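Trainee: Could we walk through this structure together? I have the sequence and the model open and would love some help reading them.

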Amino acid sequence: MSGDSALGGLRVAITRSPDRADALVRALQQHGASPYLVPLIDFELAGDQKAFSERLEALAAGKYDWLVVSSISTIRALKQWCAAHATTLAELVPDGTRIATIGPSSRRVLEAEGLAVELAPEDNQSAAGLVDLWPPGAARVLLPHSNLAEPSLAEGLSRAGATVDAVTAYVTVDYPAHPELRLTAVLASGDPGAHGGSAASDGPGSSTRVPELTPAQAKTLIGAGGLDAVVAASGSAARSIARQLAPLPKGCLLIAIGRPTHDEAIRLGLSVAATAQKATPAGIVEALSCAVPGRMASMPAVPAITAYPVDL
């Protein structure tokens, strides 16, 4: 799309790692925006691999009625474990175990990996949305999640009668993760991102080039009026934005992906300009488009700052 589109010239900071950003980068560029990579968070294998392995071995043995997947990063952690144990995701989950997830992005990835998803909220793509859909009654549930996961999902399933085995599948860390611990599994459909479902990345082979900034460089640029929007894909991303980039001036819009991210940003004292209702590149573009009408003509020039081109 040409630069006279709704996002023409908008300078947008994407706070995910480069390998998880490609589809969002391309969507923004197609709508005339200028994306910048400002990676703030990354993901590593769980510290307690023994506990994680024991739960997955029990899953493979048919001990669980449900596997609940709460994020794309959880799928990466599961697939990385499978690769290290000479199996696949499709082989890991027995036919009798049903699968639920938070929303359509995770559903698409799981199905591309050969797993059928029985339950996924379409509108309220959150823990609360899944709990609302959950069938009441006794069931044994495996819930692999982040070390930062809120207890609300496990508690909601328990209230519905489920026995929930929650286990840490991965750890959220400041970018970059330790190379030997980083989640690197490439997902079959590309990677719609980490954090409650977000924009996809096609992985190796893409040719998109965008500048990458350190958090300090991005903070300087934001203060000088050189970035117009920052995208937060998760509560952990919102916390990193508050810690490393705030305060955001009035002219720099914060776009949250999903209600949980919005709520966390508000709790941190950040002002949210718009919230993407769908955790997809199109949903983020739509949220940005709603936030920016009438702003573009008054944008200041981009201050000079060193940025490093990145091949995505």
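Trainee: How many bridges join strand β10 to β11?

Mentor: Happy to help, and keep in mind that this is a predicted model. Strand β10 covers residues 253–257 and runs parallel to β11. One pair to look for is I255, whose bridge partner in β11 is A274. The number of bridges joining the two strands is four.

Trainee: Which hand does the β-α-β crossover from β10 to β11 have?

Mentor: Follow the chain as it leaves β10: it passes through helix α10, residues 259–267, and then reaches β11. Strand β11 itself, residues 272–276, is mostly covered, with four of its five residues buried. The crossover is right-handed.

Trainee: In what order do the strands of the five-stranded sheet come?

Mentor: This sheet is open, and its pairing is mixed. The edges are β3 (41–45) and β5, each of which pairs on one side only. On average, neighbouring strands are turned by 30° against each other, direction ignored. The order is β3-β7-β6-β4-β5.

Trainee: Which helix packs on that sheet, touching β3 and β7?

Mentor: Look for a helix at residues 235–244. Its direction makes about 35° with that of β7, which spans 162–174. The helix is α9.

Trainee: Which residue of β6 stands opposite W66?

Mentor: W66 belongs to β4, residues 66–69. Strand β4 pairs with β6 (residues 139–146) in the parallel sense over two bridges. On its pairing with β5 (residues 98–101), the sense is also parallel, over four bridges, and there L67 stands opposite I99 while V68 has A100 as its bridge partner. Back in β6, the residue opposite W66 is V141.

Trainee: Which residues of β4 point the other way from W66 and V68?

Mentor: In a regular strand the side chains alternate between the two faces of the sheet. In β4, W66 and V68 share one direction, and the residues on both sides are buried. Those pointing the other way are L67 and V69.

Trainee: Is T74 buried or exposed?

Mentor: T74 sits in helix α3. Leaving aside neighbours within four places in sequence, T74 is in contact with V69, P144, H145 and Y170. Its relative accessibility is 0%, and the cut-off for burial is under 20%, so T74 counts as buried.

Trainee: At roughly what angle do the axes of α2 and α3 cross?

Mentor: Helix α2 takes in residues 49–60 and α3 residues 72–84, and their axes come within 12 Å. The crossing makes α2 roughly perpendicular to α3. The angle is roughly 85°.

Trainee: Which residues of α3 make the contact with α2?

Mentor: From α2, the contributors are Q49, F52, S53, L56 and E57. Counting both helices, the residues of this contact divide into five nonpolar, two polar and one charged. The α3 residues are A77, L78 and W81.

Trainee: What distance separates the C-alpha atoms of G283 and L24?

Mentor: G283 lies in helix α11, residues 281–291, and counts as buried at 6% relative accessibility. Not counting residues up to four places away in sequence, G283 touches A276 and K278. G283 and L24 are 259 residues apart along the chain, and the distance between their C-alpha atoms is 10.0 Å.

Notes. Residues numbered from 1 in each chain as written. Predicted model: local features only at pLDDT ≥ 70, side-chain atom pairs only at ≥ 80, totals over all residues. Heavy atoms only, no water. Buried < 20%, exposed > 50% of the residue type's maximum accessible area, 1.4 Å probe, protein only. Pairing = 2+ DSSP bridges. Axes fitted to C-alpha atoms, helices over the stretch in contact; angles between N-to-C directions. Parallel < 35°, antiparallel > 145°, perpendicular 65-115°, else oblique. Contact = heavy atoms within 4.5 Å. Nonpolar A, V, L, I, M, F, W, Y, C, P; charged D, E, K, R; others polar. Right-handed = clockwise from strand over helix to strand, strands pointing away.
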